[in-house]
Amino acid sequence: MTAYIIRRILMLIPVLFGVSLLVFSIIYLIPGNPAQVILGQRATTEAIAEVERQLGLDQPFYIQYFSYIGDLLTGDLGTSIKTKTAISEEIWPYLAATMELTLVAMVIAIFVGVNAGIISAWFHNSWFDYIAMILALIGVSMPVFWLGLMEQYVFAVRLDWLPSTGRYDPSTVIDSITNFYLIDTLIQGEFGKFKNLLSHIILPGAALATIPMAIIARMTRSTMLEVMKSDFIRTARAKGLNNIWVVYKHSLRNAVIPVLTVVGLQTGLLLGGAILTETIFGWPGIGRYIYDAIQARDYPVIQSGILIIATIFVIINLIVDLLYAAIDPRIKYK
Amino acid sequence: MNDEAILEINGLKTSFFTDDGEVPAVDNVNLHVKKGELLGVVGESGCGKSVTFLSVMGLIPQPPGRIVDGNIFFEGTELTKLPERKMRSIRGNDIAMIFQEPMTSLNPLFKIGNQLTEAIRTHQKIDKATAKERAMEMLKLVGLPRTNELIDTYPHELSGGMRQRVMIAMAMICNPKVLIADEPTTALDVTIQKQILELMKNLNEKLDTAIIMITHDLGVVAEVCDRVAVMYSGKVVETADVKTLFQHPKHPYTKGLLDSIPDIRQKSNHLYSIPGNVPKPGSIKSGCPFAPRCDYAFDRCLADSPELYPGENDDHEVRCFLHAQEESETQ
Ligand SMILES: Nc1ncnc2c1ncn2[C@@H]1O[C@H](COP(=O)(O)OP(=O)(O)OP(=O)(O)O)[C@@H](O)[C@H]1O
Ligand code: SF4
Ligand SMILES: [Mg+2]
């Protein structure tokens, strides 16, 4: 197993090279000149040429690419044109904010989705099944931004139960350790602040959870229906096991692999920055960060942001594959 | 009806309610097994053998299936009306069942040891170590080698024959009083088949477990069973001890089955087979279900449905009008 994991990690290297090449090419694909952006509209041609020389933009493509890779390998993600700060320094809080939100959304989605799928499969063709599957169908086809707006209207504006935007009250000061504020405040024993953070994350978390939840519920239901017809489930029941045991031990574990694929994919999508949701809920996440960079034509930030998201995608894929192997002994470590 | 019967099925009717209406897969089955007996149940595919014994286990998929009528007594307890919780304490503990498909009957994701110990820890309050001991003991009993390595393997690492032995070990681990073996050797090749049958006969002798051997192979019955019940179209058509059945079959269907056993002494390659097909359950509304295929059929067979008539000795029953006279003559 260890050898398998190492081999899989080594296999990431060419993939990440490909990703970096793609990301680096972006700068050539989108219109506009970085030097122009830095200097503004009224810059002279000489000044632009000077900046291009400083940035190395006058070098051939492959030289530029290799120096870019060299920088990446030393952990240098470049400097933001807008803020003049090292991107590697300023990107982390945004990324952590998105990760925290994604985590909350996926925990909700998995918990509700898997259980709804199980109950639907167990009592299939019952009223619970029908209602759950209709809701799931609505869930996958609902635009998330619209759902977010409705949530805000109902729970923040009308009922006033939860705050409508932001990650925490502006008056609160949070001493960040990891930038995962929920974890930070728990470690520090700041339960008031923790509650404050939690109340802010519920609405965007629920909005983002909807689609994955619906997909997970449908997937769980169909694979569970399939698995529950298996001979080994009949064996489990013939042993006299109770239903909970039959469902959660013998069926779910067999049904979980296709569900895992969906979870991985959806987690990747959410981490990729749910720009609309983050904008609606004023969430200072990576989606917003990249969106702002696009507005400002802040090329290095766009590049690094996309590179990081792509890398996360690839890593999640790897984790999902490793989980397959951990769950199913028939998957050969080859 | 029978004092020594440990399991007794009376007038069992199990139907499936499908889009085409009610399908009575098992219709008025009467059967019993005595303590420590080896009963064979034979019949062509689709005659209701599995459904009968899934009914006993309370494992009929519901919906679409349901026990519509009849009683099943296990040591005097009526099983068809037993609450699920009580039924669970009998299932796998007092009555165990193994299935036709050894390749798919074990959960692919759990180790053999886990699946065996789970079977015993469901019914007995014993610790993990003791359960493991017992699991290894059982694996040894069914003739598997290197049991301490075996319990850490996954099903896909074992052959079909080994898996079926594991299934038998699992079924026997709680020392059940009745073991239902639903075509346990069908999926295995001939030599392995012989070994498994040998094993089951040994277990029956050693542990005094009553075994119900479901099969469509009369050869299997001849080899291991004490008594045999022949099923046709959801009904038992003849029961007798093995010797009587093979030497003096009464029911035309049983005769047909016996004629279709391959016989090495026979010179010709031609093998007799009963003409026609098994009717779909419920498709024959009146008369003897075997009538369309029966060489002996006469007027009455098309009009009435025969009952299970006891023969001259009580243990040879037959569902055929040809033998209804015997009954009236002897009385
Ligand atoms: N889940 C089900 N839904 C509908 N009909 C069923 C179902 N299970 C069994 N049946 C019907 O019950 C009848 C008896 O099936 P059963 O499995 O008992 O046959 P069998 O004697 O065990 O045959 P085989 O030798 O092939 O195992 C079949 O004709 C089938 O049509
Ligand atoms: S009752 Fe009639 S049709 Fe049925 S088996 Fe006997 S002789 Fe044949
Ligand atoms: Mg069967």
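Leaving aside neighbours within four places in sequence, with which residues is Ile212(B) in contact? In this predicted model, local features need pLDDT of at least 70 and side-chain atom pairs count only at pLDDT 80 or more, whereas totals for chains, interfaces and linings use all residues. Residues are numbered from 1 along each chain as its sequence is written, chains are lettered from A in the order in which they are written, and side-chain values use heavy atoms, without hydrogens and water.

Ile212(B) is in contact (heavy atoms within 4.5 Å) with Leu7(B), Val33(B), Leu39(B), Val41(B), Phe53(B), Val178(B), Leu179(B), Ile180(B) and Ala181(B). The largest nonpolar core (buried Ala, Val, Leu, Ile, Met, Phe, Trp, Tyr and Cys residues joined through side-chain atoms within 4.5 Å; buried means under 20% relative accessible area, exposed over 50%, partly exposed in between, with a 1.4 Å probe and protein chains only) has 100 residues, of which Leu7(B), Phe53(B), Ile95(B), Ile180(B) and Ile212(B) touch the most other members. Helix α6 of chain B, residues 160-172, provides the largest share of this core, seven residues; helices are DSSP runs of H or I with at least four residues, numbered from the N terminus. Another core, apart from this one, has 43 residues, including Val144(A), Ala156(A), Leu208(A) and Ala255(A).

On the surface, Leu21(A), Tyr28(A), Phe61(A), Tyr62(A), Ile63(A) and Phe66(A) form a nonpolar patch. Such a patch joins Val, Leu, Ile, Met, Phe, Trp and Tyr side chains within 5 Å, from residues with over 30% relative accessible area and no salt bridge (a side-chain nitrogen of Lys or Arg within 4 Å of a carboxyl oxygen of Asp or Glu). Helix α5(A) gives the most to the patch, four residues. Ile63(A) lies in this helix and counts as partly exposed because its relative accessibility is 34%.

How values were computed: Helices (H or I, at least four residues) and strands (E, at least two) are DSSP runs, numbered from the N terminus. Patches are made of residues with over 30% relative accessible area and no salt bridge: like charges are joined within 9 Å, nonpolar side chains (Val, Leu, Ile, Met, Phe, Trp, Tyr) within 5 Å. Accessible areas come from the Shrake-Rupley method with a 1.4 Å probe; for residues, only the protein chains shown count as cover.
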